[in-house]
Amino acid sequence: MSPDTRLTSAMLVGALRRRVAEAGGFATILVKGDEISGVILVQALDRGQDIGLFERVPNLDGGYALMRCGPAPGDDPDALATYIERRRRSDPDLWVVELDVAEAERFAAETIC
C-alpha cells in the first residue's frame, strides 16, 4: 500500500470489530456513517461500565489519535445520547461504535489510529 493510500472508515470499523471479537469482547455499530470518510466515535465500555467517548482525529504527525470527547463517564445517561444526536445533526456521515472489552481505548487506538 502506498503512503498516500488511506483505509476507508468502513474498513477501519470492520477491523476494529474483528479484533474486539477475537479478544472475547463485543463491538456494535450504533450509527453507520459514510463508508469512505466518516468520522469515527468510539464509546468505550469495560464489562458494561462506561469508560468514555473517543473521537479519531488527525494529529500533527500526519497520522491519527484518539481524543476524549462528549460527556464524562457517569454523567446523566441521557447526556451521551444528546451529544451524539447533536453531532449527527452537524455531521450525518458520523460513525458511532460501541466497544465492550478490557482496554477498549487501547484496542481502538491500535486499530484505527
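Which strands does helix 1 (residues 9-22) lie across, and at about what angle does helix 1 run to strand 5 (95-100)? In this predicted model, helix 1 lies across strand 1, strand 2, strand 3 and strand 5, and its direction makes an angle of about 10 degrees with that of strand 5. A second helix that lies across strands is helix 3 (residues 104-112), which is placed across strand 2, strand 3, strand 4 and strand 5 and runs at about 150 degrees to strand 2.

These contacts belong to a chain that contains three helices and five strands, and the elements follow one another from the N terminus in the order α-β-β-β-β-α-β-α. The five strands make up an open sheet of mixed pairing, in which the order is 1-5-2-3-4. At the edges of the sheet stand strand 1 (26-31) and strand 4 (64-69), each of which is paired on one side only. From one strand to the next, the twist of the sheet averages 30 degrees.

Within the sheet, strand 2 (residues 40-46) and strand 3 (residues 49-58) run antiparallel and are joined by six bridges. The pairing can be followed at the level of single residues, since Val-42 has Phe-54 of strand 3 as its bridge partner.

Two arginine residues are placed over aromatic rings. Arg-56 lies over the face of Tyr-64, at 3.5 Å from the centre of the ring, while the charged end of Arg-106 is positioned over the ring of Phe-107, at 4.8 Å from the ring centre. As for pairs formed between aromatic rings, with ring centres required to lie within 6.5 Å, the count comes to zero.

Regarding overall dimensions, the C-alpha trace of the protein chain spans about 45 × 35 × 25 Å along its principal axes. A compact globule of 113 residues would be expected to have a radius of gyration near 13 Å, and the value of 14 Å found for the protein chain agrees with this expectation.

The confidence of the prediction was also examined. The mean pLDDT of the protein chain is 93, with 96% of its residues reaching 70 or more. Among the helices and strands, helix 2 (residues 77-90) has the lowest confidence, at a mean of 94, whereas strand 5 has the highest, at 98. Where pLDDT is low, the predicted coordinates should not be read in detail.

Key: Residues are numbered from 1 along each chain as its sequence is written. This is a predicted model: local features need pLDDT of at least 70, side-chain atom pairs count only at pLDDT 80 or more; totals for chains, interfaces and linings use all residues. Side-chain values use heavy atoms; hydrogens and water are left out. Two strands pair if DSSP finds at least two bridges between them. Helices (H or I, at least four residues) and strands (E, at least two) are DSSP runs, numbered from the N terminus. Axes are lines fitted to C-alpha atoms, for helices over the stretch in contact, and angles run from 0 to 180 degrees between N-to-C directions. Contact means heavy atoms within 4.5 Å. pLDDT is the predictor's confidence in each residue, from 0 to 100. Rings of Phe, Tyr and Trp (its six-membered ring) pair if their centres lie within 6.5 Å; planes under 30 degrees apart count as stacked, over 60 as edge-to-face and the rest as tilted. A charge sits over a ring if NZ of Lys or CZ of Arg is within 6 Å of the ring centre and within 35 degrees of the ring normal. The radius of gyration is taken over C-alpha atoms; the globule rule is 2.2 Å times the number of residues to the power 0.38.
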